[in-house]
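Biologist: Before I rely on the labels attached to this protein, I should like to hear the reasoning behind them. Could you take me through it?

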Amino acid sequence: QTVFNVQHVFRRVIEDLLPLALYKSQDLGVIGEDDVEFNGSETDLYLLVKTLTDNAIRYTPEGSQIDLSVQTSENGIVIQIEDNGNGIPAEERTRVVDPFYRVLGTGESGSGLGLSIVDTLVGNLKGRLRLDDAVGHAHGLRAEVTLPAA
């Protein structure tokens, strides 16, 4: 376990996924520049943010906007990945974290393990994952991960 800046993780994720976002003419970026420190596994946090961001890129249409943000809360830190895509129907949100479960009609290929992996990583970091409607957009999905303070 180490103490590191979450913005550094965001930069690495964006560097790795920018070609995919550009291919779909998507606007991928970070909202806010708060330096938020986290004490834990940087590898686990990187994989968590990368998987959520990769899902947002894959499951939102061309020209979408995907925003990463982090802030401190009384419970620790809150990381959000929000997009203005089609979202996930409320009744499917609890099931999408099940291994191999996929929302039908997305046209995307994959194993259906992405959010299951995220759920495991969040558990490893002793955090909580919430999928909700986007707040910064008229429609879309907000994936919110709350992680405990060090």
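Modeller: The discussion below concerns a predicted model, and it sets values against definitions.

Biologist: Why is Asp35 called exposed?

Modeller: The term requires a relative accessible area over 50%. Asp35 has 61% relative accessibility and therefore counts as exposed. Its place is in the loop between β2 (27-30) and β3 (37-40).

Biologist: Which residues gather with Asp35 in a patch of negative charge?

Modeller: Glu33, Asp34 and Glu37 join Asp35 in that patch on the surface. Asp and Glu count as negative, and like charges are joined within 9 Å.

Biologist: What makes Arg58 and Asp54 a salt bridge?

Modeller: The cut-off is 4 Å between a side-chain nitrogen of Lys or Arg and a carboxyl oxygen of Asp or Glu. In this pair the closest N and O atoms are 2.7 Å apart, so the definition is met. By this rule the model has 6 salt bridges.

Biologist: Where do Arg58 and Asp54 lie with respect to one another?

Modeller: Both belong to helix α2 (residues 42-59), and because they are 4 residues apart there, about one helical turn separates them.

Biologist: How do you know whether Arg58 and Asp54 are buried or exposed?

Modeller: Buried means under 20% relative accessible area, and partly exposed lies between that limit and 50%. Asp54, with 16%, is therefore buried. Arg58 has 35%, so the term for it is partly exposed.

Biologist: What makes Arg130 and Glu144 a salt bridge?

Modeller: The closest N and O atoms of Arg130 and Glu144 are 3.4 Å apart, which is within 4 Å and therefore satisfies the rule. This pair links distant parts of the chain, with Arg130 in strand β6 (residues 128-133) and Glu144 in strand β7 (residues 141-148), 14 residues apart. Arg130 is partly exposed because its relative accessibility is 33%, whereas Glu144 is buried because its value is 10%.

Biologist: How do you know that Asp132 and Arg142 form a salt bridge?

Modeller: For Asp132 and Arg142 the closest N and O atoms are 3.6 Å apart, so this distance also falls within the 4 Å cut-off. Asp132 in strand β6 and Arg142 in strand β7 are 10 residues apart, and the pair links distant parts of the chain. Asp132 has a relative accessible area of 23% and so is partly exposed; Arg142 has 8% and is therefore buried. Arg130, Asp132, Arg142 and Glu144 are linked in a network of salt bridges.

Biologist: Why are β2 and β4 said to pair?

Modeller: Pairing requires at least two bridges between the strands. β2 and strand β4 (residues 65-73) have 4 bridges in the parallel sense, so they pair under that definition. For instance, Leu28 has Ile66 in β4 as its bridge partner.

Biologist: In what sense does β4 pair with β5?

Modeller: β4 and strand β5 (residues 76-83) pair in the antiparallel sense over 8 bridges. One of the contacts is that of Leu68, whose bridge partner in β5 is Ile81. A hairpin of 2 residues joins β4 to β5.

Biologist: What can be said of β3, its faces and its partner?

Modeller: Phe38 and Gly40 make up the covered face of β3, while Glu37 and Asn39 make up the uncovered one. Strand β1 (residues 2-5) pairs with β3 in the antiparallel sense over 4 bridges, and Val3 has Asn39 in β3 as its bridge partner.

Technical notes: Residues are numbered from 1 along each chain as its sequence is written. This is a predicted model: local features need pLDDT of at least 70, side-chain atom pairs count only at pLDDT 80 or more; totals for chains, interfaces and linings use all residues. Side-chain values use heavy atoms; hydrogens and water are left out. Patches are made of residues with over 30% relative accessible area and no salt bridge: like charges are joined within 9 Å, nonpolar side chains (Val, Leu, Ile, Met, Phe, Trp, Tyr) within 5 Å. Accessible areas come from the Shrake-Rupley method with a 1.4 Å probe; for residues, only the protein chains shown count as cover. The place of a charge is taken as NZ of Lys, CZ of Arg, CG of Asp or CD of Glu. Buried means under 20% relative accessible area, exposed over 50%, partly exposed in between (1.4 Å probe, protein chains only).
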